[in-house]
Amino acid sequence: MKKQFYFLYFMMAVLVTACNTEQLPGVSPYSSEKQLIELSFLKVNNPSLDKDYSATIEGQNVNIAMPKGINLSSMIPSFKISDKATLKIGDVELISDKTPIDLTKSIAFTVLAQNYKLTQKYFPSVISIGITPNENINATTSYQNYVNNNLYVDLSYAIPTTIFKTGYTKESYVARAYADFDKDGDMDIIAAAANPYGNSGVDVEYFKNNTFQFDKDQSVFTGGAPKMLNAKKIIVADLNKDGWLDVVIAGTGFDKSPFSGETIKILMNRNGKFETKDLGLKPEYYGSVTAGDIDNDGDIDLFVTTNQSTSKFMLNDGNGNFTYASDIYPNSFYNQRYFVSELYDINGDGYLDLVNAGNEQLGAKSMVLLGNASGNYITDRMANLPKVEGFGVVLDIDFIDYNKDGKIDLLLTRTGDGGGSQPYYKGYYLQLLQNNGNSFEDVSKTALSGNSDASANYINWVRVQDVDNDGDLDITTDDKSYGLEWINNNGLFNKK
């Protein structure tokens with residue numbers, strides 16, 4: 001009897017449940033919601049971005065802010081839509097955080113409700129923000145001035161009359177630059193000798209080109225020649241847009257403890273005469289300086305390396321006055337041993353990239369920081385460069401499309417790091433790095449014969465130029481007295 005009762009009770013419960021879930025006549029059991037709620041592009045899914053970007057949805061209009069210069073042909077969106085709805089472009093279903101879309105084309109989002117009957121269209125439009133790319137941005141760089149002002153002579157002949165009675169030596173005159181400073185049609189020289197363990201700085205020197213006889217002329221310095229204790233690099237750029245090439249000199253100061261450093265000097269060229277001023281930074285160990293239009297605003301900015309704090313970008317007001325911009329360079333590189341740097345648009349996107357190198361043995365990884373529309377350099381857009389065992393000190397950075405594939409390759413000049421069998425600052429190693437898009441491959445051993453000499457003197461500066469006049473770029477030193485040339489033969493460089 002009890003079994004019959006329980007069976008009847010169970011059957012009644014089933015009927016009640018069935019009655020409660022029964023749909024009203026004509027009403028679908030599937031949702032009709034069809035809304036695009038959120039849309040964004042996260043940098044974790046899109047490495048070309050400097051940060052996350054969220055769209056603004058107003059009715060059917062979707063406004064997507066994107067940095068100028070970013071490749072929009074394969075962007076991965078993150079989105080939120082109505083529960084159990086589907087987002088499509090045409091017949092293609094989109095999966096959030098997975099499916100790439102092409103924002104260079106005119107597209108429409110369709111949100112398909114769960115009932116497959118109702119849809120809602122959304123029309124995206126891209127709003128470009130940030131810095132406008134400049135396809136001629138390399139013309140603003142101090143490196144391009146170095147390439148253009150290609151005085152290739154024996155410097156022991158060119159500047160024999162120096163502050164040192166022994167005359168010019170490669171070790172004492174590391175910092176030098178060439179340009180037609182007086183606009184008389186030939187290349188002059190500005191050089192700064194080093195007195196790294198002395199008690200006082202020595203005069204920067206000007207050597208005027210008189211039909212390839214270089215005469216020392218200190219009268220070009222208004223108020224007397226500037227003094228540097230241990231100058232490391234001189235660059236040339238028109239800092240105030242007056243048509244005259246100015247000069248910036250970086251130095252490290254006293255080269256032993258307590259490493260008191262020195263200030264960076266700017267020599268403003270006023271119709272062939274130089275007025276000296278400090279850059280405005282406190283004295284530090286400044287190993288290098290490079291220049292280019294960082295923010296694409298039409299004037300030349302500076303980047304200086306120091307291993308006593310964080311290397312610094314200095315923005316130009318257009319008149320040759322500079323302000324430290326602390327948010328451009330990653331502060332994670334504090335106190336790194338970076339001694340050399342160059343600005344150049346390597347990937348051709350209209351923004352200057354920064355190549356930084358120094359003493360890898362002491363932790364300064366050689367790297368490329370890619371520029372972008374934000375104007376900031378971030379570690380998410382960084383390519384590390386291959387090391388060379390024993391030659392962990394980078395002295396110079398150059399650029400060359402060695403295989404003519406349209407990509408800018410890198411040429412690093414290295415010397416011994418003292419970490420193993422190779423003595424500190426002994427020998428040279430030229431490292432040719434092929435640009436593969438997102439990485440750099442070391443092709444030195446296959447493309448550059450005779451690229452190293454462990455027992456030779458180190459090389460201060462390398463120059464990429466056509467020395468045999470056959471229309472392609474060869475590799476030399478900037479001082480002809482080294483007697484080193486690597487001649488280009490269809491992308492293979494042979495030591496002469």
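Let's start at Glu-342. Leaving out residues up to four places away in sequence, Glu-342 touches Ser-142, Tyr-143, Lys-233, Thr-290, Asp-353, Leu-354, Val-355, Ile-397 and Phe-399. Keep in mind that this is a predicted model.

Where does Glu-342 lie? In strand β23. Is Glu-342 buried or exposed? Buried: its relative accessible area is 6%, and the cut-off for that word is under 20%. What does its side chain meet? There is a polar contact, side chain to side chain, with Lys-233, at 2.9 Å.

Lys-233 takes us to the cavities. The structure holds four of 30 Å³ or more. The largest has a volume of about 240 Å³. Its lining takes in 18 residues. Nearest the centre lie Tyr-146, Arg-176, Lys-233, Ile-234 and Ile-235. So Lys-233 plays two parts here: it contacts the buried Glu-342, and it is among the residues nearest the centre of the largest cavity.

Which elements give two or more residues to that lining? They are α2, residues 142-148; β10, 175-179; β15, 231-237; and β27, 393-400. By class, the lining has nine nonpolar, three polar and six charged residues.

Next, the second largest cavity. It holds about 70 Å³ of space. The lining is Ile-346, Asn-347, Val-368, Leu-370, Ala-383, Asn-435, Gly-437, Asn-438 and Phe-440. Five of these residues are nonpolar, four are polar, and none is charged. Hold on to Leu-370 and Asn-438, both in that lining. They come back in a moment.

Now the pockets. The largest has a volume of about 770 Å³. It is lined by 30 residues. Which lie nearest its centre? Asn-230, Lys-232, Asp-255, Tyr-285 and Tyr-425. Two or more residues each come from β15, β19 (286-292), β23 (338-344) and β27. β15 gives the most, with three residues. The lining divides into 16 nonpolar, nine polar and five charged.

Look at the elements again. β15 and β27 each give two or more residues to the lining of the largest cavity. β15 and β27 also do so for the largest pocket. And β23, the strand of Glu-342, is on the pocket list too.

The second largest pocket has about 540 Å³ of space. Its lining runs to 25 residues. Pro-47, Ser-48, Leu-370, Arg-381 and Asn-438 lie nearest the centre. There are Leu-370 and Asn-438 again: they line the second largest cavity and sit among the residues nearest the centre of this pocket. The classes here are nine nonpolar, 12 polar and four charged.

On to the strands. Strands of a sheet pair through backbone hydrogen bonds, either parallel or antiparallel. Take β17, residues 265-270, and β18, residues 273-278. They pair antiparallel, over six bridges. Arg-270 stands opposite Lys-273 in β18. The two strands form a hairpin, with two residues between them. In the turn, Asn-271 has a positive phi of about 55°.

β17 has a partner in β16 as well. Three bridges join these two, and they run antiparallel. What stands opposite Val-248 in β17? Ile-266. In β18, Ile-266 has Lys-277 as its bridge partner. So follow Ile-266 if you want to trace β16, β17 and β18 across. How covered is β17? Mostly: five of its six residues are buried.

Just before β17 comes Ile-264. It is found in the loop between β16, residues 246-251, and β17. Ile-264 is buried, with a relative accessible area of 2%. Which residues does Ile-264 touch, leaving aside those up to four places away in sequence? Val-248, Ile-249, Ala-250, Lys-277, Asp-278, Leu-279, Tyr-286 and Val-304. One distance to note: Ile-264 and Lys-282 are 18 residues apart in sequence, and 8.7 Å apart in space, C-alpha to C-alpha.

Last, an open sheet. Six strands form it, in the order β3-β4-β9-β8-β6-β7, and the pairing is mixed. Which are the edge strands? β3, residues 56-58, and β7, residues 92-93; each pairs on one side only. Inside the order, β4 (61-67) and β9 (119-129) pair in the parallel sense, over seven bridges. Val-62 has Pro-124 in β9 as its bridge partner.

Conventions: Residues numbered from 1 in each chain as written. Predicted model: local features only at pLDDT ≥ 70, side-chain atom pairs only at ≥ 80, totals over all residues. Heavy atoms only, no water. 1 Å grid on protein atoms, 1.4 Å probe; cavity = no way out; pocket = protein on both sides within 12 Å on 5 of 7 lines; lining within 4 Å. Points joined across faces, edges and corners; volume = space filled by probe spheres on them. Helix = DSSP H or I, 4+ residues; strand = E, 2+ residues; numbered from the N terminus. Nonpolar A, V, L, I, M, F, W, Y, C, P; charged D, E, K, R; others polar. Pairing = 2+ DSSP bridges. Buried < 20%, exposed > 50% of the residue type's maximum accessible area, 1.4 Å probe, protein only. Polar contact = N/O pair within 3.5 Å; in protein donor to acceptor, adjacent residues only side chain to side chain. Contact = heavy atoms within 4.5 Å.
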